[in-house]
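Biologist: I am new to this structure and would like a close look at one part of it. Could you walk me through a single strand and its surroundings, step by step?

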Amino acid sequence: MQMLKVLIADDEQKVCQLIEKLVDWQALDMQVAATAENGIEALEMIREHHPDIVITDIRMPGYDGLDLIRLGKEADPKIEFIIISGYRHFEYAQTAIRYGVSAYILKPIKKDDLVSTLKKLGSKFQEKTRQLSIEEQMELTMKTDEGTLRQTFLSDLICRRDRERLACSLEEIGQRFHFSFRPGCFGVAIVKLDGSVLDDPKNQRFMAEKARGILEQQVKGLVYESEIGALGSTLYLLLNFGEAHRIEIRRQLKNGLDAIRIQGGILEGFSATMALGTVCDELAGVGASLKSARLWIEERLVAGTGKLYEGEPPRKGSFSESQMFSDFNKKMVQALESLEGSQVRKALLGLKDGMLTRPGTTGHEILQMTREVCNLYLFSMKNYQIPMEEGFLESFLEGADNRASAAELFDYLIGKVTASYEKAAQLKRQDENRPVRIVKQYVAGHYQEGLTLEQVSGVAGLSPAYLSTVFKKNTGMTFLEYLSKSRMDGAKQLLKETDRTVADICAAVGYNDVRYFTKTFTKYTGLKPNEYRKLYS
């Protein structure tokens, strides 16, 4: 295979020289085709040498790293870019990820990080370009199948599927899922990546891949077996190791967490937390290890992020059995029935304040409570026949997973529920307004007739009782009051514009009794019909 060509671009010549000397390029089947000291020169080198990989500083004279990526990709979409920076340029980093940058390395540059990144890119090019022989194809297929089976085992563990499988012998599981488990220690570690910046799937994938690479490197050579799986912004690490390495593995995992936090520093608001589940001496115990690690990860919502948690997890709280919870349910149901977004927000803010100030509230409780609120919201909306947008719960859970504290989580919950509710309530009000508009139009054309609530409710397609409630809520008056107003307005117009007698006008607007008509008109306008005519005709 032809050697891959590399271009190094940095406004400090010493940095270019350092990068060039750090790596045994020939061992990686790569060669440095050129170096450049500014963005303009680097773009010229790209067009001249057609490199496969470009290593560039994020800030350079001429074109900066982002401009170079954009223009370089336009020149050759197949180029892979590695960004190097000495600072946490939040916006630059996120834009670079969106542009499709392959890796982001912080200064001072570490040889292992650079070499590991280059190896991954080298493998990526090999998969794209080389023609595999039959033997190579078979080998690759077997390797892929092996990786798929190992991931299936871990995925089933994470999602609590086929729990009975853990009771099988190590040999049986090894043969079926391609593990080399040995008697010793077993456990699960979880790394949780947080921050609203991870709502962008590209940022989430970028950091998950970074974290995976760091964790793999940290436990390498210390374990009998390990497997890493990612579920959104959460990474799960299954470990099998000897008792002699127990302390060293913990130390290396702590170092890994620190490295992930440093790498994630390029993304504004990013944080990372690690939890070590209880260590057991049988594979069957990893279910309990996973549970304890999960409880600790949830506890970060109240205890803080950026830490390594281990040991006995906090006990489950009792908020769901409290009077506060019962009171909230009542207030929330009443608020949802009101079609007033401010009432819903008030109820949710009360829940937030109550839970955050209540002693002993656990992260698990808070997480479960926010989900319970969503379920209550959806149930109530369905019960009140208020239309909802599709996928509300899925959207909430996805975003909630990236919130790092209880306060952030509640603010996100309040924002999602109230925005959804106000939109749904507006549609409901419009839906309720439609029969009112129909009734108003019908009255305008038929107020001369002997109309009744029962008659117009049939026109609107609602029961008389429901129409009466909706009509009063929408107009501020009962149907009979509105009908009387319409008749009086019609009478006023006839008195101003015609010479017809009061008795004729009385009949024309739907009244049979002139005396009753006169009394009603006088009450409505403050004038008798003839007085009104003299004043306004």
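Modeller: Let's start at a turn: β7 and β8 form a hairpin, with two residues between the strands. Gly-232 sits in that turn and has a positive phi of about 65 degrees. Please keep in mind that this is a predicted model. The two arms of the hairpin pair in the antiparallel sense over seven bridges. To find one of these pairs on your screen, look for Gly-229, whose bridge partner in β8 is Tyr-236.

Now step across to the other neighbour of β8. Strand β6 (residues 185–194) runs antiparallel to β8 (residues 234–241), and eight bridges join them. Here Cys-185 stands opposite Phe-241 of β8.

With both neighbours in place, we can look at the whole sheet. It is an open sheet of five strands with mixed pairing, in the order β7-β8-β6-β9-β10. β7 (225–231) and β10 (308–310) are the edge strands; each has a single partner strand, so one side of each is left without a neighbour in the sheet. Ignoring direction, neighbouring strands here are turned by 15 degrees against each other on average.

A helix belongs in this picture too. Helix α9 (residues 246–264) packs on the sheet and touches β6, β8, β9 (271–276) and β10. The direction of α9 makes about 165 degrees with that of β9.

Back to β8 itself. In a regular strand the side chains alternate between the two faces of the sheet. On one side of β8 are Thr-234, Tyr-236, Leu-238 and Asn-240, on the other Leu-235, Leu-237, Leu-239 and Phe-241, and all of them are buried. Eight of the eight residues of β8 are buried, so the strand is largely enclosed by the rest of the structure.

Finally, let's look at the nonpolar cores. In soluble globular proteins, nonpolar side chains tend to be buried together. The largest nonpolar core in this model has 55 residues, and Leu-193, Leu-253, Ile-260 and Leu-267 have the most contacts inside it. Helix α8 (residues 201–219) gives the largest share of this core, seven residues. Leaving aside residues up to four places away in sequence, Ile-260 touches Val-191, Leu-193, Met-207, Ala-211, Ile-214, Leu-215, Phe-270 and Ala-272. There is also a second, separate core of 35 residues, which includes Met-332, Met-369, Met-381 and Ile-386.

Conventions
Residues numbered from 1 in each chain as written. Predicted model: local features only at pLDDT ≥ 70, side-chain atom pairs only at ≥ 80, totals over all residues. Heavy atoms only, no water. Pairing = 2+ DSSP bridges. Helix = DSSP H or I, 4+ residues; strand = E, 2+ residues; numbered from the N terminus. Axes fitted to C-alpha atoms, helices over the stretch in contact; angles between N-to-C directions. Contact = heavy atoms within 4.5 Å. Core = buried A, V, L, I, M, F, W, Y, C linked by side-chain atoms within 4.5 Å. Buried < 20%, exposed > 50% of the residue type's maximum accessible area, 1.4 Å probe, protein only.
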